[in-house]
Protein chains: 2
Amino acid sequence: MTSQHANRPLPDAFLAQMQARFGERFSVASAVREHHGTDESPYPPMLPDAVVQATSIEDVQLVARLCHTHAVPLIPYGAGSSLEGHILAVRGGVSLDLSNMNRVLEVNAADMTVTVEPGVTRKQLNEHIRDTGLFFPIDPGADASLGGMCATRASGTNAVRYGTMRENVRALKVVTADGSVVKTGTHARKSSAGYDLTSLFTGSEGTLGIIVEATVKLYPQPESISAAICNFPDLESAVQSVIEIMQLGLPVGRVEFMDTWAVRATNAYSKMDLVESPLLLFEFHGSAGGVDEQAEAVREVTASNGGMDFQWARLPEERSRLWAARHNAYFAGIQLRPGCRASTTDVCVPVSQLAKCVTETADDLDAASFPYTILGHVGDGNFHVMMLLDPDSSEEWEESERLNQRLVERALSMRGTCTGEHGIGLHKMRFMLAEHGPESLALMHALKHTLDPRGILNPGKMLPPLAS
Amino acid sequence: MTSQHANRPLPDAFLAQMQARFGERFSVASAVREHHGTDESPYPPMLPDAVVQATSIEDVQLVARLCHTHAVPLIPYGAGSSLEGHILAVRGGVSLDLSNMNRVLEVNAADMTVTVEPGVTRKQLNEHIRDTGLFFPIDPGADASLGGMCATRASGTNAVRYGTMRENVRALKVVTADGSVVKTGTHARKSSAGYDLTSLFTGSEGTLGIIVEATVKLYPQPESISAAICNFPDLESAVQSVIEIMQLGLPVGRVEFMDTWAVRATNAYSKMDLVESPLLLFEFHGSAGGVDEQAEAVREVTASNGGMDFQWARLPEERSRLWAARHNAYFAGIQLRPGCRASTTDVCVPVSQLAKCVTETADDLDAASFPYTILGHVGDGNFHVMMLLDPDSSEEWEESERLNQRLVERALSMRGTCTGEHGIGLHKMRFMLAEHGPESLALMHALKHTLDPRGILNPGKMLPPLAS
């Protein structure tokens, strides 16, 4: 893990053209570079050589053309909330900051879609559309940008009901490596016309093109919402309940798992008095009658699996308090070990394998030399381990990497994936071959070469070099 | 429209190797070629030079390698139910019949997935899994093969609730042009690991690879199902009801539109006594209480839009009779003009534009010299016009093509698509440029060239030649 490669300096002609076009929006100041070379991953900063602020599609096209001409690495930057090192400038180059392209371009309430620039964040979007009676459900924890969420195929707590970005992006505008603008998709709910370019760019992590506009689906705000919480004597009984709930086809809005450590951390951080055992946190969306019916069906399933103290939270303030506590679980976890650095895993397995995967992982972690918490979007079979590391201990870092490796191998052996929602970035590249196999990986390389023949787009990410 | 191009004969070495490997499973008999060069499109047959029956992935790999080596066109063939000419051998070559690769390989009830060979048909699949309490919802009318449904991104009446093949394919095995086997996706419900190859192949119409295995999602059979039917004084009021139902977020299982002509044809063909005015046919899936609640909400919406005689069909036999009538609407329509050839359109528009699009289309068609019916999966904004043509009249064919052209232009101007579910095939190629624009079309060509450099896979389909 190096903090910065020795990179080729930016060519003079390139610098001159960028300065002429962008003036003060182009910077080589170290504070600006530091900010854009730092994310929420466990990696140290890796700085770009320069940062440019785009305010229009034409800006992005010009930057792409200049980078393409001069073979300068180009790294799209949204909110900087990546957990896997997506925005780190491993080969230097230019960080293309899209956060000022943050206009909501069109709210189409009748068709329940919205078209945004890439720098719009999910909270900004939901604030903007609040009065329409609609909402955008995808919720990756951080207040990520929509462009970044498209680029990483993000999801979060609501995905169990509303799907991930894969299911919720209807159309894109993308600037490709040569500065062309490609439009994908339509505003219709479905289409069988040609290759699914929308899905090709969704999840491509800035390596195939720069997303400059996205049309995403919205949903009616539920007529009624209620929450419930249920403690369990152990991991298995909690996860077994989830499996049965999914098999009943109940349209649960959210179902989140917290292990005992995560509950303990949350009690301390959020001043809660939750029973400190594994628990499930539910949210139900629907009509008043439908919500009650779902909650009752879930209560029966949890009770038959040893669930204790099933509690409803019907009042908005109770619900908000519970979910705020869940959303603060990351910060709460960090407080279990003040001054620590967190490394977060992100496997996703078939739901039938979830109990086995979580249990074996917890057994592994109980023997580790650092504290941890487990949180999960368990309705999707997706869970995270937060490993709380001494930032000065390379031994702990290496131990955490070994545990992550074992966890990913376990997930892959169960026909799961090395990342449910965080993406590959820098941190998961070494698992791509094991997950996809040599033929699929070769095809991904071929696609990358077709779209970005000079390899300027977010180089050194996602695709490990092909074995020769 | 020519029935057959003058094609290069199959090379002797190719013929010898195919005969040596496949024996009686390789045929150049004209009856076999005739069968495989005919689909449900309005085009006359276009015969392949030979037909081969594959029974294994290795068979498909060998065929691909030989076709690649000898530059022989290779056309995957499933159930032959394409409406747009997908399987016609416009440049001769070999039809690769996958219908004998029809094993259900693995039913995973706990994870609600099934893995099938490409020749399994949707009815066969649902028969196979009947006792699991699960079902596969995608229902394109014809008893299509799962491989073909993946290849065309098919959908049908249930898509409004369960999505299309885009949302329901979890993993694929694909044989590429050089005979490699590419595995895409995992068995997890979501993943952010690398490019979405599953979506790239889903809808690629045999032009990027041959789908030899598919893992698709299943759903719990609803605890309760009911149907309802409602007549309307006119088109607009029916479609306006649909818009409002979608905006309420009601999880309606199906919502189908039939125009007066379609109702009349159905009454005659299926011995029904439906009121002969525009109507909507609904199906509700859920708990007993949920189904009643949905139906009541829908009744209120339809009543407020002038809907008449809202009738429930709670008994299975009533429901079955109604839906059998809907499913036979194609055959019923044809009987409006005995001996006719049907040409079927397939646009999909944003739901907000549906009333305008259907009304303007009906106005166009009222002036046509042939009868027609309109049917629609209106919850998705998708509708079909069946134009009933004299098979011997080139004037009627040309008139129908002009009307289709106008309809597609109308849909595109409303930000819709030239095909909601039938695919491009041969018939819609001329609309690809208008729908996608030159940059997207150039990118699709680049992808095609990357995956199939010799252009052997279903040549002459989907992608129109690039303007030079």
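Ten salt bridges are counted between chain A and chain B in this predicted model. One of the pairs joined in this way is A:Arg166 with B:Asp196, whose closest N and O atoms lie 3.0 Å apart. Polar contacts add to the picture: 50 residue pairs link chain A and chain B like this, with both partners at pLDDT 80 or more.

As for what chain A brings to the contact, quite a few elements chip in with at least two residues each. The strands are E5 (104–108) and E9 (181–185). The helices are H6 (159–162), H7 (165–168), H8 (197–201), H9 (235–247), H11 (288–304) and H16 (432–451). Top of the list is H16(A), which gives twelve residues, the most to the side of chain A that touches chain B. Sorted by class, that side of chain A has 35 polar residues, 32 nonpolar ones and 17 charged ones.

Turning to overall extent, the contact draws 84 residues from chain A and 83 residues from chain B. Between them, the two chains bury about 6,300 Å², and carbon and sulfur atoms account for 54% of that area.

On the annotation side, an unreviewed UniProt entry puts a feature called "domain: FAD-binding PCMH-type" at residues 44–221 of chain A. Across residues 44–221 of chain A, helix makes up 23% of the chain and strand 25%, while the C-alpha atoms at the two ends sit 41 Å apart.

Conventions
Residues numbered from 1 in each chain as written. Chains lettered and ligands numbered in written order. Predicted model: local features only at pLDDT ≥ 70, side-chain atom pairs only at ≥ 80, totals over all residues. Heavy atoms only, no water. Contact = heavy atoms within 4.5 Å. Buried area = accessible area lost by both parts, 1.4 Å probe. Salt bridge = Lys/Arg side-chain N within 4 Å of Asp/Glu carboxyl O. Polar contact = N/O pair within 3.5 Å; in protein donor to acceptor, adjacent residues only side chain to side chain. Helix = DSSP H or I, 4+ residues; strand = E, 2+ residues; numbered from the N terminus. Nonpolar A, V, L, I, M, F, W, Y, C, P; charged D, E, K, R; others polar. UniProt positions renumbered as here; feature names shortened; annotations may be inferred.
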